[in-house]
Amino acid sequence: MASCGCLVVEKVDDHGNGNGRAECWCGSCAGARRRLETMFPIYVMGTSRARGLPDSAAGDPIWEAVKSEAKSEAEKEPILSSFLYASVLSHDCLERALSFVLANRLEDPTLLATQLIDIFNDVMMNNVDIRRSIRLDAQAFKGRDPSCAQYSWALLYLKGYHSLQSYRIAHVLWNQGRKVLALALQSRISEVFAVDIHPAAKIGEGILLDHGTGLVIGETAVIGNWVSLMQGVTLGGTGKEHGDRHPKIGQGALLGAGATILGNISVGEGAMIAAGSLVLKDVPPHSMAVGNPAKVVGYTEKEDPSLSMKHDARRDYFEHVAGSFADDRSNGKCLLCRKCYEVKLG
């Protein structure tokens with residue numbers, strides 16, 4: 001456990017050899033590690049094999065934390081003891097507990113929880129990528145959402161986490177050719193969680209869907225690792241065209257509440273889209289886009305905004321924008337590139 005209180009993961013090479021350093025990836029600890037992709041695609045705990053996940057003997061720190069939290073909560077709230085036992089304490093791993101939770105949220109009269117549990121268990125227990133992702137996502141929720149004080153809260157109560165993991169299962173089914181089942185799950189996920197993610201969309205690891213309500217992600221959208229999306233975000237198309245028609249979101253980006261990003265455009269790595277913005281053009285890496293239509297008004301700090309979760313523009317951004325807009329136009333300068341912005345600040 002890191003000094004910040006976060007559980008940590010160890011980076012290993014392709015031969016399963018660890019570097020002996022446990023690293024924390026929460027928002028408060030990530031400033032010195034801008035190149036987050038160095039840890040992908042490996043998530044290793046204890047003495048697990050490279051690209052693998054721990055067996056019960058090796059130990060799983062997130063699962064152990066979830067069980068410990070559930071036991072503690074059952075003692076504090078005896079009325080929830082049966083719920084906590086059925087959802088967490090009766091299971092032998094995080095995957096099976098998650099399958100139980102999701103199946104009981106998504107069941108309907110014609111698709112029973114017992115059927116869904118079998119489907120979900122089969123997908124998660126046989127897919128190393130999804131097993132790693134559910135843990136990295138749990139770390140993202142606890143590390144970046146101040147209201148998520150425990151890993152068990154993400155597993156049991158947060159529909160952003162539930163909808164994300166349900167999507168991951170539907171995505172695996174889609175890629176297996178079971179498209180009708182994947183679409184049925186998408187429909188049910190949308191109905192239950194008010195989150196609509198097409199099962200063909202590609203979403204990375206360490207994702208935070210904060211609140212989740214009203215989120216829409218289209219079929220050909222691509223989202224990189226460690227992205228944070230607030231409620232009401234839309235990654236949509238611009239018409240009836242077919243093919244690749246949805247946005248591509250770079251690693252470490254932060255999409256503010258109600259942001260709408262339309263078309264096959266790119267939001268660069270570490271960029272921030274302010275709440276309520278309408279984005280119709282590419283956004284450069286590590287820049288901040290604001291407005292309707294959105295315009296670049298500055299550049300972010302070194303730390304990726306998805307980890308810091310800082311939605312507010314620095315005061316100097318708007319002081320320079322407001323104070324020298326007329327000068328920019330008369331001198332032929334702009335705010336759309338880092339060079340002009342740095343000249344302005346200098």
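Leu254 stands opposite Met272, a residue of β14. I start there, in a predicted model, and work outwards to the sheet around this pair. The strand β11 covers residues 254-255, β14 covers residues 272-273, and two bridges join these parallel strands.

Both strands belong to an open sheet of six, in the order β5-β8-β11-β14-β16-β17. The pairing across that sheet is mixed. At the edges are β5, residues 208-209, and β17, residues 294-299. Each of these two has a single partner strand, so one side of each has no neighbour in the sheet. As a reminder, strands of a sheet pair through backbone hydrogen bonds, in either a parallel or an antiparallel sense.

There is another open sheet, with four strands in the order β4-β7-β10-β13. Here the pairing is parallel. The edge strands are β4, at 202-203, and β13, at 266-267, and each of them pairs on one side only. Take β4 and its partner β7, which is residues 222-223: they run parallel and are held by two bridges. Within that pairing, Ile203 is opposite Ile223 of β7.

Now the backbone. Most residues other than glycine have a negative phi, and most peptide bonds are trans. Three places in this chain are worth a look on that account.

The first on my list is Trp226, with a positive phi of about 65 degrees, and it is not a glycine. Trp226 sits in the loop that runs between β7 and β8, the latter being residues 228-229. Is Trp226 buried or exposed? Its relative accessible area is 1%, and the cut-off for buried is under 20%, so Trp226 counts as buried.

Next is His286, also not a glycine, where phi is positive at about 55 degrees. His286 lies in the loop between β15, residues 278-279, and β16. With a relative accessible area of 11%, His286 is buried.

Then the peptide bond between Asn292 and Pro293, which is cis, with omega at about -5 degrees. Pro293 is in the loop between β16, residues 287-291, and β17. That β17 is the edge strand I mentioned in the six-stranded sheet.

On to the surface. Which residues make the nonpolar surface patch of about 400 Å²? They are Ile79, Leu80, Phe83 and Tyr157. Of these, Phe83 is placed in helix α2, which spans residues 81-89. Phe83 has 32% relative accessibility and therefore counts as partly exposed.

Cysteines, briefly. How many disulfides are there? The count is zero, where a disulfide would need a pair of cysteine sulfur atoms within 2.5 Å. Two cysteines to note are Cys93, buried with a relative accessible area of 13%, and Cys148, buried with a relative accessible area of 2%.

Last, the chain as a whole. The secondary structure comes to 11 helices and 17 strands. The chain has 346 residues, and 51% of them are buried. About 15,700 Å² is exposed, with carbon and sulfur atoms supplying 52% of that area. Among contacts with a separation of 6 or more, 48% are between residues 24 or more positions apart.

To go back over the items to check on screen: Leu254 opposite Met272, Ile203 opposite Ile223, the cis bond joining Asn292 and Pro293, and the positive phi at Trp226 and at His286.

Technical notes. Residues numbered from 1 in each chain as written. Predicted model: local features only at pLDDT ≥ 70, side-chain atom pairs only at ≥ 80, totals over all residues. Heavy atoms only, no water. Buried < 20%, exposed > 50% of the residue type's maximum accessible area, 1.4 Å probe, protein only. Pairing = 2+ DSSP bridges. Patch = residues over 30% accessible without salt bridge, like charges linked within 9 Å, V, L, I, M, F, W, Y side chains within 5 Å. Areas by Shrake-Rupley, 256 points an atom, 1.4 Å probe, with all protein chains shown as cover. Salt bridge = Lys/Arg side-chain N within 4 Å of Asp/Glu carboxyl O. Contact = heavy atoms within 4.5 Å.
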